[in-house]
Amino acid sequence: MPAAPVRQPPAAERVYAHVKQAVLDRRYEGGTLLTEGELADAVGVSRTPVREALLKLEMEGLLRLYPKKGALVLAVSAQEIADVVETRLLVEEFAVRRAVPAPPRLIRRLAELLDEHRKCAESGDLAEVAATDRRFHAEIVRHAGNEILSRLYDQLRDRQLRMGVAVMHSHPDRVAKNIAEHAELLDAIRAGDAERAAACVRRHLGRVRVLVRGEQG
């Protein structure tokens, strides 16, 4: 029997995924004006699903629509980064204290993610580096055992990915430093030292705050 044809997602979903990923990995940088016609051609759809996708992305805070002109990709502001870092600090320091002493499966998973992080860094794919970086932290949050907190953390995902790529573009040395700081955090978790693990989180996120001020971290 012939294989069943692969069904494509609806047109609006394809446009949404295309634009969102391009914004997150900075192929569409802040300040870029996107037109419906260009996006329709890029994805191979009509303009109607493009409008639907752009409205959704505007609600998510990634774009601002201008009638008859297009959609402007919003730049990441220093205030937004500071707000995200502050929220991450509150969630992650609490989570790492709750996750320690860590079960063997968490330690194994964090070690796997650290290896993935190193491999992504070697490939130079900053979007995947940022995604793997975030998965490392999200794994700790999930093991804190608080579903509401985990869902709150998941809401930061897009902002974290976009900011992570932006920081690494501006400060390429942060890739190696992030990996070293993750290794230090994993060592503290493996040792069952909640206080040292919490201190690692504070230092790690504190360096992001330094970068926001335009200094070297």
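**The β2–β3 hairpin, its helical cover and the α-helices around it**

K68 lies in the loop that joins β2 to β3; helices (H or I, at least four residues) and strands (E, at least two) are DSSP runs, numbered from the N terminus. The model is a predicted one, in which local features need pLDDT of at least 70 and side-chain atom pairs count only at pLDDT 80 or more, while totals for chains, interfaces and linings use all residues. Residues are numbered from 1 along each chain as its sequence is written, and side-chain values use heavy atoms, with hydrogens and water left out.

The loop that holds K68 is the turn of a hairpin, with three residues between β2 and β3. Phi of K68 is near 70 degrees, a positive value in a residue other than glycine. Most residues other than glycine have a negative phi, and most peptide bonds are trans. With a relative accessible area of 91%, K68 is exposed; here buried means under 20% relative accessible area, exposed over 50%, and partly exposed in between (1.4 Å probe, protein chains only).

The two arms of the hairpin, β2 and β3 (residues 70–73), pair in the antiparallel sense over four bridges, where pairing requires that DSSP finds at least two bridges between two strands. Within this pairing, R64 stands opposite L72 in β3, and L65 faces A71 of β3. The hairpin belongs to an open sheet of three strands, ordered β1-β3-β2 and antiparallel in its pairing. Since β1 (33–34) and β2 (63–66) stand at the edges, each with a single partner strand, one side of each is left without a neighbour in the sheet.

Helix α3 (residues 47–59) packs on this sheet and touches β2 and β3, contact being heavy atoms within 4.5 Å. The direction of α3 makes about 130 degrees with that of β2; axes are lines fitted to C-alpha atoms, for helices over the stretch in contact, and angles run from 0 to 180 degrees between N-to-C directions. The 13 residues of α3 should span 18 Å at 1.5 Å a residue, and its end C-alpha atoms are 19 Å apart, which agrees. The expected span is 1.5 Å times one less than the number of residues in the helix.

Which residues of α3 are buried? They are P49, V50, A53, L54 and L57. These residues cover an arc of only 135 degrees around the axis, which puts them on the same side of α3; the arc is that of the directions from the helix axis to the C-beta atoms. An α-helix has 3.6 residues a turn, so residues three or four places apart point the same way. The cover over the buried residues of α3 includes α1 (11–24), α2 (36–43), β2 and β3. On the other side of α3, T48, E52 and M59 are exposed. Just after the helix, G61 takes a positive phi of about 85 degrees.

Two further backbone features fall in loops. R26, in the loop between α1 and β1, has a phi near 70 degrees, a positive value in a residue other than glycine. At 24% relative accessibility, R26 counts as partly exposed. The peptide bond from V100 to P101 is cis, with omega near 5 degrees, and P101 is found in the loop between α4 (78–99) and α5 (104–123).

Turning to α6 (residues 126–142), this helix has 17 residues and reaches 24 Å from its first C-alpha to its last, close to the 24 Å expected at 1.5 Å a residue. Because 12 of the 17 residues of α6 are buried, the helix is largely enclosed by the rest of the structure. Among the buried residues of α6 are D133, R134, H137 and E139, alongside V129, F136 and I140.

R190 is placed in helix α9 (residues 174–190) and is partly exposed, with a relative accessible area of 45%. Leaving aside residues up to four places away in sequence, R190 touches I107 and A111. The C-alpha atoms of R190 and V201, 11 residues apart along the chain, are separated by 15 Å.

Finally, the cysteines. C120 counts as buried at 13% relative accessibility, and C200 counts as buried at 4%. With a disulfide taken as a pair of cysteine sulfur atoms within 2.5 Å, the count of disulfides comes to zero.
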